[in-house]
Amino acid sequence: MSPAMIFNIHLVLGYVPWLLCFGAYIWPRLKLMDRIEAQRAIATLHSFRFFGLVFLLPGVVGPNLPAGFAVFAAYGDFATGLLAMLALLAVRRPSIFWPLVVAFNLVGVVDLFVDYYHGTVLDLPALAGQLGATYAIPIVYVPLLMITHAAALYLLARPQSKVAATGDKEASGGLNSLSSPSSAR
């Protein structure tokens with residue numbers, strides 16, 4: 001089997017265990033969490049994407065890894081990671097938190113789709129050995145990132161129940177807090 005064939009098999013099969021794990025263990029818990037906590041959990045995972053800068057390190061990746069792939073992958077991951085960290089820092093300020101959640105998810109999804117596009121156009125499977133130590137990133141880490149972006153965007157788009165809306169207002173210190181003196185009457 002050629003290295004390109006192995007790489008393509010790895011790319012596709014990388015999604016299978018994550019989808020099984022996500023469906024059995026992660027998704028049921030995310031759906032039960034309040035909106036802010038679910039998005040915080042996802043942002044925490046994506047905050048580690050600063051690690052994508054490793055695609056630019058000589059000696060970690062091969063000298064023939066196409067710059068058209070490496071540069072965009074590195075800086076797209078870096079931007080997504082920084083936006084996720086900013087979202088985590090802004091969690092107590094919903095007017096800042098929610099736009100940052102949307103931003104890190106949109107930037108992250110665009111990054112991953114463009115990386116797949118560049119990988120296809122530049123024939124990355126034929127150059128898979130040039131990924132060096134970063135080989136595991138597209139095989140093991142990227143499927144989880146893509147799945148959690150899809151979950152985050154779904155949770156953002158999902159209509160909010162009145163109970164969840166009240167909980168979000170309470171979490172953000174809103175006037176309709178369940179623990180406010182006026183609600184005790």
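Visitor: In what order do the elements of the chain run from the N terminus on?
Guide: They run α-α-α-α-α-α-α in this predicted model. That comes to seven helices and zero strands.

Visitor: How much of the chain is buried?
Guide: Buried residues account for 38% of the 185 residues. The accessible surface is about 10300 Å², with 71% of that area belonging to carbon and sulfur atoms.

Visitor: Switching to charges. How many salt bridges are there?
Guide: The count is three. Aspartate 77 pairs with arginine 49, their closest N and O atoms being 2.8 Å apart. This pair links distant parts of the chain, since aspartate 77 sits in helix 4 (residues 67-89) and arginine 49 in the loop between helix 3 and helix 4, 28 residues apart.

Visitor: Are aspartate 77 and arginine 49 buried or exposed?
Guide: Both are buried.

Visitor: What else does arginine 49 meet in a salt bridge?
Guide: The side chain of aspartate 111, at 2.7 Å, N to O. Aspartate 111 belongs to helix 5 (residues 94-121) and lies 62 residues from arginine 49. Aspartate 111 is buried too. Arg49, Asp77 and Asp111 are thus linked in a network of salt bridges.

Visitor: And which residue does glutamate 37 bridge to?
Guide: Arginine 40, with the closest N and O atoms 3.0 Å apart.

Visitor: How far apart are those two in helix 3?
Guide: Three residues, so about one helical turn separates glutamate 37 and arginine 40 in helix 3 (residues 35-46). Glutamate 37 counts as partly exposed because its relative accessibility is 36%. Arginine 40, at 32%, also counts as partly exposed.

How values were computed: Residues numbered from 1 in each chain as written. Predicted model: local features only at pLDDT ≥ 70, side-chain atom pairs only at ≥ 80, totals over all residues. Heavy atoms only, no water. Helix = DSSP H or I, 4+ residues; strand = E, 2+ residues; numbered from the N terminus. Buried < 20%, exposed > 50% of the residue type's maximum accessible area, 1.4 Å probe, protein only. Areas by Shrake-Rupley, 256 points an atom, 1.4 Å probe, with all protein chains shown as cover. Salt bridge = Lys/Arg side-chain N within 4 Å of Asp/Glu carboxyl O.
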